[in-house]
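Let's take a friendly look at how some helices pack against one another. The structure comes up just below.

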Amino acid sequence: MISLVVLAFLALAGYRGTQLVVHDSLLDPVRARIDAWQQKRPTSAYREAVVTLISCVYCTGWWVSGALLATWLHVTGTWGDAPILVHGIEWLAVAGGAVLLNRWDDERKADG
C-alpha cells in the first residue's frame, strides 16, 4: 500500500493534472476542437461523453488520478506488492484527495 506522503503527492499531481485538462488555457485549442467536433453531431452520446469527460473535474480527476497511480506503481515496481483491490482503494483515495483540492480551489475563487 502507498504511504500517506505518496498519497498526498499523487493527490497534488492529480489536482494539477485535472486543472490542466479542464481549465488551463494551454489546452483551450484542444477543447475548442473537441467542442466543434461534438457540435457537428450534438445528438451523439459518444461525443457528448467525450465533452463531459474533459469538462468535468470529477470525471477528468478520476481518470487522471488513476493514470498517475498506475504510472507510479509501475515505475516504482510496487504494482505486485498488493492485491488489485488495494490498488482500487488507493485510486479512490488519490482521486478523493485531488477532488478535495479542486473543490477548495473552486470555493476560494468564488469567495474572492
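What follows is a short tour of two helix pairs.

## The model

Please keep in mind that this is a predicted model. The tour centres on helix H1, residues 4-22, and its crossings with helix H5, residues 84-111, and with helix H4, residues 57-75.

## H1 against H5

The axes of H1 and H5 approach to within 8 Å, with a crossing angle of roughly 55 degrees. An angle between 35 and 65 degrees falls outside the parallel and perpendicular ranges, so H1 and H5 are oblique to each other. Their crossing is right-handed.

On the H1 side, the contact is formed by Leu7, Leu10, Ala11, Leu12, Gly14, Tyr15, Thr18 and Gln19. H5 brings Ala93, Val94, Gly97, Ala98, Leu101, Asn102, Asp105 and Lys109. By type, the residues of this contact are nine nonpolar, five polar and two charged.

## H1 against H4

H1 and H4 also have axes that come within 8 Å, and here the crossing angle is roughly 130 degrees. H1 and H4 are therefore oblique to each other, and the crossing is right-handed.

Which residues meet where H1 touches H4? From H1 come Val6, Phe9, Leu10, Ala13, Gly14, Gly17, Thr18, Val21 and Val22. Their partners in H4 are Val57, Thr60, Gly61, Val64, Ser65, Leu68, Leu69 and Trp72. This contact divides into eleven nonpolar and six polar residues, with no charged ones.

## Residues in both contacts

Leu10, Gly14 and Thr18 of H1 take part in the contact with H5 and also in the contact with H4.

Note on methods:
Residues numbered from 1 in each chain as written. Predicted model: local features only at pLDDT ≥ 70, side-chain atom pairs only at ≥ 80, totals over all residues. Heavy atoms only, no water. Axes fitted to C-alpha atoms, helices over the stretch in contact; angles between N-to-C directions. Helix = DSSP H or I, 4+ residues; strand = E, 2+ residues; numbered from the N terminus. Parallel < 35°, antiparallel > 145°, perpendicular 65-115°, else oblique. Left-handed = near helix turned anticlockwise from the far one by under 90°. Contact = heavy atoms within 4.5 Å. Nonpolar A, V, L, I, M, F, W, Y, C, P; charged D, E, K, R; others polar.
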